[in-house]
Amino acid sequence: MEPYRVSGFRCPTCPETPLREFQDRLICNECHGIMLDEKDYVASCADLGARAFTLERTNETPTTTGCPRCERAMTSVHTVLAPIKVSADVLRCERDGLWLAGGQITRVFALVSRRTGSQGGAYYSQTGRIGLDELPVSRHGPASGSLAISDWRSRPRRRAPTVTPINLYGEQKLPCPACTTSELRFVGDRYACELCTGTFVQNDALESMVMDISKALWDVPAPTGTAGARACPVCTKTMVVEDLERVPIDRCAEHGVWFDLHELTVALENASHQFDPRGIRAWIKKLFTRDAAD
């Protein structure tokens, strides 16, 4: 694997910060922005969604912000991935590609995953008790692999794979905070452990999940808990233990939230209690199971 390296390019959002280069992409560790070629952006979303997309551009206007690579002034443009209508307002250099500010790439991936139903691939046991998300739970525990949010890469593809999906941490080996000896697998808008079935969700992706089902603005609240025993899989700092939507979780203020088995589904249900619970359960079930069209 190509190692991370600091480039001589500066971040358009925080100019004092040098960007790191990885597989022809530029990433800012400070604001989590990313610059990549347009074809790379579309192909990576298509690889994640397992179907072809086209990128539509509208409302393109000049700016004074220079491209990190060629220093030419970029334009501000509204982009839409068709036909699933995932949009993002980005900066664009005609020669070098798109700059997505902090959190945008995570939100785009979260929406692509949910709107295409591509999160699936998990095989659930048909015996045993039913969990809070209305999915069967193995009688013999998650280590058997009968209940797992499996790696999306193992699902049947409708098209040949193109490039490794883009994510700030998707190309790194992240240790499971609960198991410690296993690694998390990137599944589009979160990182899953196949051993304990826990999930690590980046802050931006969690906000996107809640807003997607509630149709209302929602921000991850500032941490108020106390230090726990688990380490953040990204920075390895001790995470804070507190309640999120009446669910006890472990969280890193900078990087995201760790949910044990079923905690994510319960938190999403609690965050959307004012809506039809049947609709929320259907949304959550789609999030975790194989798309019926597959």
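Start with the cysteines: this predicted model has zero disulfides. Select Cys 31 and Cys 11 to see how the count comes out. The sulfur of Cys 31 has its closest cysteine sulfur in Cys 11, at 3.6 Å, and because a disulfide requires sulfur atoms within 2.5 Å, the two are too far apart for a bond. Next select Cys 196 and Cys 179. Here too the sulfur of Cys 196 lies 3.6 Å from the closest cysteine sulfur, that of Cys 179, which is too far for a bond. Cys 196 is buried, at a relative accessible area of 17%.

Move to strand β2, residues 18-22. Four of its five residues are buried, so β2 is largely enclosed by the rest of the structure. Its antiparallel partner is β3, residues 25-27, joined to β2 by three bridges. Within this pairing, Arg 20 stands opposite Ile 27 of β3. The two strands make a hairpin with two residues between them, and Gln 23 in the turn shows a positive phi of about 50 degrees.

Select Asp 40 now, in helix α1, which spans residues 38-49. Asp 40 is buried, with a relative accessible area of 13%. Add Ile 166 to the selection: the C-alpha atoms of Asp 40 and Ile 166 are separated by 8.8 Å, although these positions lie 126 residues apart along the chain.

From there, go to Tyr 41. Which residues have the most contacts inside the largest nonpolar core? They are Tyr 41, Leu 81 and Val 112, in a core of 40 residues. The elements that each supply at least two residues of this core are β4 (34-36), α1, β6 (73-82), β7 (86-93), β8 (97-100) and α2. Leaving aside neighbours within four places in sequence, Tyr 41 is in contact with Leu 36, Leu 55, Leu 81, Ala 88, Leu 98, Leu 100, Ile 105, Val 108 and Ile 166. Apart from this core lies another, of 15 residues; to find it, select Val 201, Leu 244, Phe 259 and Leu 264, which are among its members.

Now display the aromatic side chains. The whole structure holds three aromatic pairs. Select Phe 109 and Phe 186: their ring centres are 6.1 Å apart and their planes meet at 20 degrees, so the pair is stacked. This pair links distant parts of the chain, with Phe 109 in helix α2 (residues 104-116) and Phe 186 in strand β9, 77 residues apart. Both Phe 109 and Phe 186 are buried. Keep Phe 186 and add Tyr 191. These two form a tilted pair, 5.4 Å centre to centre with 35 degrees between the planes, and both are buried. Adding Phe 200 completes the selection: Phe 109, Phe 186, Tyr 191 and Phe 200 form one aromatic cluster.

Phe 186 also leads into a sheet. In the strand pairing, Phe 186 stands opposite Tyr 191 in β10. Strand β10, residues 191-192, runs antiparallel to β9 and is joined to it by two bridges. Widen the selection to the whole open sheet, whose seven strands follow the order β9-β10-β11-β15-β14-β13-β12 with antiparallel pairing. Where does the sheet have its edges? At β9 (185-186) and β12 (226-231): each has a single partner strand, so one side of each is left without a neighbour in the sheet.

Definitions and conventions
Residues numbered from 1 in each chain as written. Predicted model: local features only at pLDDT ≥ 70, side-chain atom pairs only at ≥ 80, totals over all residues. Heavy atoms only, no water. Buried < 20%, exposed > 50% of the residue type's maximum accessible area, 1.4 Å probe, protein only. Pairing = 2+ DSSP bridges. Phe/Tyr/Trp six-rings, centres within 6.5 Å; stacked < 30°, edge-to-face > 60°. Core = buried A, V, L, I, M, F, W, Y, C linked by side-chain atoms within 4.5 Å. Contact = heavy atoms within 4.5 Å.
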